[in-house]
Structure formats: C-alpha cells, structure tokens
Amino acid sequence: MIRVLSALFAAMMLLAACQPAAPTLGSDGQPVPRAYKITAREADQIPFRMLDSVNTLRGASGLVPLQLNSQLTAAAATHSRDMQVQNRPWHFGSDGSSPLDRVQRVGYSGQLVGEVISETYETELETLGAWMAQPDTRRIIMSPEARDMGFSWFQESNGKIWWTLVMGAPQGSGFGT
C-alpha cells in the first residue's frame with residue numbers, strides 16, 4: 001500500500017512539473033507581459049518578417065508591395081537608438097531633427113511618406129498589430145504612395161524595444177510633386 005501511494009505521489013509530482021507555470025498577475029489582475037528578447041539569429045529575420053507582414057496587409061487591400069530600403073532602415077536605426085537615449089517615443093531627435101531631416105541625412109532621394117514609432121516589450125508583429133489598430137499609424141503603413149520601407153529597433157538590456165518604421169516613395173513615383 002505504501003508503495004502504491006509512493007508511486008502515485010511520484011506520478012503526481014511528475015505531472016505537476018509538466019504543467020506550465022501560472023502567469024504572474026499584475027495589480028490589475030491581468031498577466032504581466034513577458035519581455036521579448038531578440039536573439040542574434042532572430043535579428044536577421046525580423047526585418048523580413050515585418051516586410052512580409054506589411055505586404056500581406058497591403059496586398060489584402062489591393063496595394064502594391066513594399067521593398068526594404070537600406071537608407072530608410074539606416075534612418076530608422078538612428079532614430080530607434082536616439083529615442084532610447086531620450087527615453088521617450090517621439091518623432092524628434094535629440095538634435096531637433098525631424099523624420100524628414102533623418103531621411104535626407106541618409107541620402108534617400110525619394111519623399112518621406114511617414115514614420116511610425118513604438119516603445120514596447122512586444123514582438124515586431126504584436127507592435128504591427130497595435131499600429132494597425134490606430135488610424136494615424138495605419139494610414140502611414142497603408143499609404144498607396146509608399147513603395148519603400150525602412151525598419152529597425154534598439155533593445156535595452158531590460159527587454160524594452162524602441163521600434164521605428166519609415167515609409168518612402170521613390171523619386172519619380174509621382175508622390176509629393
């Protein structure tokens with residue numbers, strides 16, 4: 001009988017160990033979000049996941065797909081890092097630069113369509129979902145004039161991510177003329 005109880009107890013302990021840990025709840029009773037840590041392997045994939053996701057959304061609305069643009073990505077990377085330095089998500093750089101200034105600095109010859117930013121602990125796709133839920137950021141992502149996209153981030157050691165997406169229209173595309 002003791003053996004049976006010991007075996008039953010051991011089985012219950014093994015099963016309990018297999019159960020996922022209960023999420024930590026915040027003061028509002030909701031699960032506390034877990035930080036999304038970007039690995040070196042993921043870092044190479046993130047821009048393409050974002051591009052594919054944006055193009056899927058645009059395609060569903062009959063819009064032309066975007067292409068990644070290295071100059072716009074450089075502008076996005078600079079701004080993500082600068083937002084972290086300033087510790088606030090906003091469109092102006094610590095030197096007073098605007099999105100237009102940053103796009104011009106990297107030598108992009110097209111027109112700036114818009115810039116979308118975020119400060120979060122979420123993945124790029126969760127962030128895209130939040131951007132699509134807001135009319136002002138959705139309008140930039142879904143702009144019919146956009147053809148080029150730059151996308152980058154800066155992640156702090158605590159997991160906070162500063163995301164920047166920059167949309168452009170190449171010179172000669174008819175936008176802004």
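Of the 177 residues in this chain, 38% count as buried. The model is predicted. Colour the chain by secondary structure to begin: six helices and four strands should appear, and along the sequence they follow the pattern α-α-β-α-α-β-α-α-β-β. Contacts between residues 24 or more positions apart make up 67% of the chain's contacts with a separation of 6 or more.

**Stop 1: the main core**

Select Trp131, Ile141, Met149, Phe151 and Leu165. These residues have the most contacts inside the largest nonpolar core, which has 25 residues. Now show the elements that give two or more residues to this core: α2, β2 (111–120), α5 (124–133), α6 (135–141), β3 and β4. Of these, β4 gives the most, with five residues.

Keep Trp131 selected and display its surroundings. Leaving out residues up to four places away in sequence, Trp131 touches Met50, Val116, Ile117, Ser118, Thr137, Arg138, Ile141, Phe151, Trp163 and Leu165. Another core, of six residues, lies apart from the main one; Leu72, Ala76, Val103 and Tyr108 are among its members.

**Stop 2: the rings**

Next, show the aromatic side chains. The structure holds four aromatic pairs. One of them joins Trp90 and Phe92 edge-to-face, with 5.5 Å from centre to centre and 65° between the planes. Are these two rings buried or exposed? Neither term fits: Trp90 is partly exposed because its relative accessibility is 31%, and Phe92 is partly exposed too, at 40%.

Move on to Phe151 and Trp163. Their rings are stacked, 5.5 Å centre to centre and 10° between the planes. Phe151 lies in strand β3 (residues 148–155) and Trp163 in strand β4 (residues 161–169), so this pair ties together parts that are twelve residues apart in sequence. Both Phe151 and Trp163 are buried. Add Trp153 to the selection: ring pairs link Phe151, Trp153 and Trp163 into a cluster.

Two arginines are worth adding to this view. The charged end of Arg88 sits over the ring of Trp90, 3.8 Å from the ring centre. The charged end of Arg81 sits over the ring of Phe154, at 4.5 Å from the centre.

**Stop 3: helix α3**

Select residues 70–86, helix α3. Does its length come out shorter than, longer than or in agreement with the expected span? At 1.5 Å a residue, its 17 residues should span 24 Å, and the end C-alpha atoms are 24 Å apart, so the two agree.

Look at both ends of the helix. At the N-terminal end, Asn69 acts as a cap, with a side-chain oxygen 2.9 Å from the backbone nitrogen of Gln71. Just after α3, Asn87 takes a positive phi of about 55°.

Then pick out the buried residues of α3: Leu72, Ala75, Ala76, His79, Ser80, Asp82, Met83, Gln84 and Gln86. What do they pack against? The buried residues of α3 pack against α4 (99–105), β2, β3 and β4.

Zoom in on His79, within helix α3. His79 is buried because its relative accessible area is 0%. The His79 side chain makes a polar contact with the side chain of Arg102, at 3.4 Å. Not counting residues up to four places away in sequence, His79 touches Trp90, His91, Phe92, Gly93, Arg102, Glu115, Ile117 and Thr164. Trp90 and Phe92 in that list are the edge-to-face pair from the previous stop.

**Stop 4: two polar residues in α2**

Finish with helix α2 (residues 40–60) and select Ser53, which lies in it. With a relative accessible area of 19%, Ser53 falls under the 20% limit and therefore counts as buried. Apart from its neighbours within four places in sequence, Ser53 is in contact with Leu125 and Leu128. To check a separation in the viewer, draw a C-alpha to C-alpha line from Ser53 to Glu124: the two are 9.8 Å apart in space and 71 residues apart in sequence.

Asn55 is also in helix α2. Its relative accessible area is 17%, so Asn55 is buried. Setting aside residues up to four places away in sequence, Asn55 touches Pro65 and Leu66.

Conventions: Residues are numbered from 1 along each chain as its sequence is written. This is a predicted model: local features need pLDDT of at least 70, side-chain atom pairs count only at pLDDT 80 or more; totals for chains, interfaces and linings use all residues. Side-chain values use heavy atoms; hydrogens and water are left out. Rings of Phe, Tyr and Trp (its six-membered ring) pair if their centres lie within 6.5 Å; planes under 30 degrees apart count as stacked, over 60 as edge-to-face and the rest as tilted. Buried means under 20% relative accessible area, exposed over 50%, partly exposed in between (1.4 Å probe, protein chains only). A charge sits over a ring if NZ of Lys or CZ of Arg is within 6 Å of the ring centre and within 35 degrees of the ring normal. Contact means heavy atoms within 4.5 Å. A nonpolar core is a set of buried Ala, Val, Leu, Ile, Met, Phe, Trp, Tyr and Cys residues joined through side-chain atoms within 4.5 Å. The expected span of a helix is 1.5 Å times one less than its number of residues. A polar contact is a pair of N or O atoms within 3.5 Å; within protein, one must be able to donate a hydrogen and the other to accept it, and residues adjacent in sequence count only if both atoms are side-chain atoms.
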